[in-house]
Amino acid sequence: MTYSESIRGSIQQLLNTIGYAILATENAGQPHTSLIAITPVDAGQRLVFATYRNTRKFTNLMQNQRVSVLMDGSRRHSQDGTTTGLVLSAVGRVQEINAAAHPDLLGAHLAKHPDLTTFTQAPDCELLQVVVDAYQVVHGIDDVTWWSVDDLKMSF
């Protein structure tokens, strides 16, 4: 197995198992972080999440679409019982989801997070997506690499 295949497998495994992440936004020089429920789609090229429109998070996203999404898998245990040390950051931009794709993406999001049905049905709830440019993969304090989505060509 090549190093690239190993990294791709690590990212794939984390995206398939993690349900929540930290979204970092910014507006007028002020950073803001929020806990979000995420659903990876298109082989990890996009991360779907929902939010209310009347939040600092949504306001920030409408002013500056550039975001980072932190997924902490450092406490996960592998099948052989060892602890993995993977922390993953997705860097990209937020986009609204077009009407044609909305039902499928909402269905995928609710399949992963069925407890969010009432939340996503609220009139002021918006389904959004992070279009990922690259992933920062952290295995340890001195083991950090960057991978573009195109370079990884992940398949789920």
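Here are legends for a set of close-up views of this predicted model.

**View 1. Strands β1 and β2 make a hairpin.**
Strand β1 covers residues 20–27 and pairs with β2 in the antiparallel sense, with eight bridges along the way. Look for Tyr20 standing opposite Ala37 of β2. At the turn, two residues sit between the strands, and Ala28 takes a positive phi near 55°. Strand β2 itself takes in residues 30–37, with Leu35 among them.

**View 2. Ala21 is a buried residue in strand β1.**
How accessible is Ala21? Its relative accessibility is just 2%, and because buried means under 20%, Ala21 counts as buried. What does Ala21 touch, leaving out residues up to four places away in sequence? The contacts are Ser34, Leu35, Ile36, Ile38, Val69, Leu70 and Met71. Of these, Leu35 belongs to strand β2, while Val69 and Met71 are on the covered face of β5 and Leu70 is on the uncovered one. For a distance check, try Arg8: 13 residues along the chain from Ala21, with 19 Å separating the two C-alpha atoms.

**View 3. Tyr20, Ile22, Leu35 and Leu70 make a nonpolar surface patch.**
The patch comes to about 360 Å². Leu35, from strand β2, has a relative accessible area of 60%, so it counts as exposed. Leu70 comes in from the uncovered face of β5. Tyr20 is the residue already seen opposite Ala37 in View 1.

**View 4. Strand β5 has a covered face and an uncovered one.**
Which residues of β5 are covered, and which are uncovered? Val67, Val69, Met71 and Gly73 are on the covered face, whereas Arg66, Ser68, Leu70 and Asp72 are on the uncovered one. As a rule, side chains in a regular strand alternate between the two faces of the sheet. β5 pairs with β1 through three bridges, running antiparallel, and the bridge partner of Leu23 in β5 is Val69. With β6, β5 shares eight bridges, again antiparallel. There, Val67 has Gly92 as its bridge partner.

**View 5. Arg66, Arg93 and Asp133 are linked in a network of salt bridges.**
Asp133 is bridged to Arg66, with the closest N and O atoms 2.9 Å apart. That pair links distant parts of the chain, since Asp133 is in strand β7 and Arg66 in strand β5 (residues 66–73), 67 residues apart. Asp133 also forms a salt bridge with Arg93, this time with the closest N and O atoms 3.2 Å apart. Arg93 lies in strand β6 (residues 86–96) and Asp133 in strand β7, so this pair ties together parts that are 40 residues apart in sequence. How accessible are the members of the network? Asp133 is partly exposed at 32% relative accessibility, Arg66 is partly exposed at 43%, and Arg93 is partly exposed at 31%.

**View 6. Arg53 and Glu126 meet in a salt bridge.**
The side chains come to 2.9 Å, N to O. Where do the two residues sit along the chain? Arg53 is in the loop between β4 and α2 (56–63), and Glu126 is in strand β7 (residues 125–140), 73 residues apart. Is Glu126 buried or exposed? Glu126 is buried, with a relative accessible area of 14%, while Arg53 counts as partly exposed at 34%. Over the whole model, the count of salt bridges comes to four.

**View 7. Tyr52 and Phe119 form an edge-to-face aromatic pair.**
How many aromatic pairs does a search of the whole structure find? It finds one: Tyr52 with Phe119, at 4.7 Å centre to centre and 75° between the planes. Tyr52 lies in strand β4 (residues 46–52) and Phe119 in helix α4 (residues 117–121), so the pair ties together parts that are 67 residues apart in sequence. Tyr52 counts as partly exposed, at 33% relative accessibility.

**View 8. Strands β7 and β8 form a second hairpin view.**
Two residues sit between β7 and β8. Six bridges join β7 to β8 (residues 143–148), and the strands run antiparallel. Gln136 stands opposite Trp146 in β8. Strand β7 is also home to Glu126 from View 6 and Asp133 from View 5.

Terms used: Residues are numbered from 1 along each chain as its sequence is written. This is a predicted model: local features need pLDDT of at least 70, side-chain atom pairs count only at pLDDT 80 or more; totals for chains, interfaces and linings use all residues. Side-chain values use heavy atoms; hydrogens and water are left out. Patches are made of residues with over 30% relative accessible area and no salt bridge: like charges are joined within 9 Å, nonpolar side chains (Val, Leu, Ile, Met, Phe, Trp, Tyr) within 5 Å. Accessible areas come from the Shrake-Rupley method with a 1.4 Å probe; for residues, only the protein chains shown count as cover. Helices (H or I, at least four residues) and strands (E, at least two) are DSSP runs, numbered from the N terminus. Buried means under 20% relative accessible area, exposed over 50%, partly exposed in between (1.4 Å probe, protein chains only). Rings of Phe, Tyr and Trp (its six-membered ring) pair if their centres lie within 6.5 Å; planes under 30 degrees apart count as stacked, over 60 as edge-to-face and the rest as tilted. Two strands pair if DSSP finds at least two bridges between them. Contact means heavy atoms within 4.5 Å.
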